[in-house]
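Reader: I would like to go through the terms used for this model and see what each one rests on. Please set each value against its definition.

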Amino acid sequence: MNFQHFFVRSAGFALAFVILGFSQGPAMAADMQRTAGASLAAGDVSPGRLFGRDAREGIGPGLVSVSNPSSPKQPLAAPLAPETRRSRSTMLHVPPGSSATQLVLPIDTPDDAWVMLIPKGNNPKAGEEALREVTMLDAKGLRADLKAARQGNAQMGVDPEKLKAEGVTRPISMLRLDKEMGKGAYQVQVGRKAAELGLAVEVRQPSSSIELSLTSSAMQLFPGDDGYVTVGLQSGEKVDHVRYEAVLYTPRFERDRVVPVVKVGKEHRAMVSRAMSERDEPGAWVLEVRAVGSAGRQSFDRLAQTSFGFAVPTARIDSVGRARLVRDAAGKVAALEVDVALESAAVDRYEVTGTLVATDARGVERPVAEAQVTDQLGAGTHTLTLRFEAGHAGLSKLDGVYSLRGLQLYSLGTNTLYHRLNQGLGVRFPAVRASELAAAERTPAVENLLREGEFNFVP
């Protein structure tokens, strides 16, 4: 799944793009709660500077507003937040077209370490021939690849002779080290054919105490902001010295540029946003960090990668208005509405989504409805109204004070998330009893959910 699609799925139900005609939003009310200065929680995304870059696709005119019921059986999903990538491995490369060479592998825990020799290209026969020219010496200078290959085959339950009889080639060599080979600098000697073909050497040491970790400051980073990736190094031994190298890869996974790793307080950060500009393409970028040094007089080499979304924001949520109940002629609550003001610097089709939640008897928030509203908007301030059908909320039979959660702004023209506030600025609707809510329209989708018992919630 690509990063853009990941964010599309996180936006909730897909909108049915039925053109209803353009409708000018109401003027911004005086009681709107502004997002400026709002505290950000885990998974929140908030742009700083906006850029005047008009979208070119997916921006047809027409206001569309949709409400859908949600099953209260599951508590509100945890907000999407950056994950920490951890590594006790490294990867070394011999580029195709190289001359015969020698690689040094620092091994600090040979007890359960693996070394994988991976020929480049997609020709198994050429890869098998190249591996015949690759040998590995242990820390004592003794040849270790033959024994390590047998141990690797045994660990994986592979019978090389049986595979050979069946005509199966194995261009990836899996070498399993052991304690007797010792700690220290292993050598991989790469012959001419292997160097010409190209080779990747991966080293995994799962029981090592030396671990490199990467954590993005946000799911989505923006140019000019202080978006960064925290670089951490844990070790059971005192780290004597370490050098960090960080490189960015484009959404097409092309090596692009070096990113400085600087010390801020007690931690190290790769200042990614400062190294990127509005001229860079939106999408999923990859940061690769290598940590080389020594701990307890033992050399180490660790390599880790993490990905993050990069966007050039053209709009943000400026403020959110007071929540209100909308009653029909019979006095029933027909809808729960809240106005969302957007600040836009460019033409695009923007989508605002939100989740209506109720609190059960145990104090757990439960989703009862989803709402989306989308329109083509130009530069300026605009107001879109999230409208939750009261009947959808009533299906859960949960009443009281409903709250707005999961408020976010999405660009349909660039397929990118721009703004997300998981707590929705703490917006709460006036208290209402379930008996006051109008009945839901029995659409085929609602009927199906009823048959499946999605609203039979017992706290």
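Reader: Where is the place of D225?

Author: D225 sits in the loop between β12 (220-221) and β13 (229-234). Helices (H or I, at least four residues) and strands (E, at least two) are DSSP runs, numbered from the N terminus. The model is predicted, so local features need pLDDT of at least 70 and side-chain atom pairs count only at pLDDT 80 or more, while totals for chains, interfaces and linings use all residues. Residues are numbered from 1 along each chain as its sequence is written, and side-chain values use heavy atoms, with hydrogens and water left out.

Reader: What makes D225 a residue that has no salt bridge?

Author: A salt bridge is a side-chain nitrogen of Lys or Arg within 4 Å of a carboxyl oxygen of Asp or Glu. Lys and Arg count as positive, Asp and Glu as negative; His and the chain ends are not counted. For D225 the nearest side chain of opposite charge is R316, 7.7 Å away. D225 is nevertheless buried, a word that stands for under 20% relative accessible area, with exposed over 50% and partly exposed in between (1.4 Å probe, protein chains only).

Reader: Which residues is D225 in contact with, leaving aside its neighbours within four places in sequence?

Author: They are S46, P47, G48, R49, S273 and R274. Contact means heavy atoms within 4.5 Å.

Reader: Why does F253 count as partly exposed, and R297 as exposed?

Author: F253 has 47% relative accessibility, so it counts as partly exposed. R297 has 84%, and therefore counts as exposed. F253 is in the loop between β14 (239-249) and β15 (255-259), and R297 in the loop between β18 (283-295) and β19 (298-310).

Reader: What is the phi of F253, and what is that of R297?

Author: Phi is near 55 degrees in F253 and about 65 degrees in R297. Both values are positive, and neither residue is a glycine. Most residues other than glycine have a negative phi.

Reader: Why is β20 called largely enclosed by the rest of the structure?

Author: Six of the six residues of β20 are buried, so the strand is described in that way. β20 pairs with β22 in the antiparallel sense over five bridges, and V320 stands opposite V340 in β22. Two bridges also join β20 to strand β1 (residues 33-34), again antiparallel, with R34 opposite S319. Two strands pair if DSSP finds at least two bridges between them.

Reader: How many residues does the largest nonpolar core have, and what makes a set of residues such a core?

Author: The largest core has 40 residues. A nonpolar core is a set of buried Ala, Val, Leu, Ile, Met, Phe, Trp, Tyr and Cys residues joined through side-chain atoms within 4.5 Å. Among the elements that give two or more residues to this core are β20 (315-320), β22 (333-344), β25 (380-389) and α6 (390-394). L386 and Y402 have the most contacts inside the core. Beyond its neighbours within four places in sequence, L386 touches residues including L336, V338, V352, V373 and L407. A second, separate core of 26 residues includes L212, L214, L287 and V289.

Reader: Why is one side of β4 and of β8 said to be left without a neighbour in the sheet?

Author: The open sheet has four strands in the order β4-β10-β6-β8, with antiparallel pairing. β4 (89-94) and β8 (173-176) stand at its edges, each with a single partner strand, so one side of each has no neighbour in the sheet. Neighbouring strands are turned by 15 degrees against each other on average, direction ignored. Axes are lines fitted to C-alpha atoms, for helices over the stretch in contact, and angles run from 0 to 180 degrees between N-to-C directions.

Reader: How do you know that β6 pairs with β10 and with β8?

Author: Strand β6 (residues 114-119) and strand β10 (residues 199-204) share six bridges, and four bridges join β6 to β8. Both numbers meet the requirement of at least two. In β10, I118 has A200 as its bridge partner and M116 has E202, while in β8 the partner of L117 is S173. β6 is mostly covered, with five of its six residues buried.
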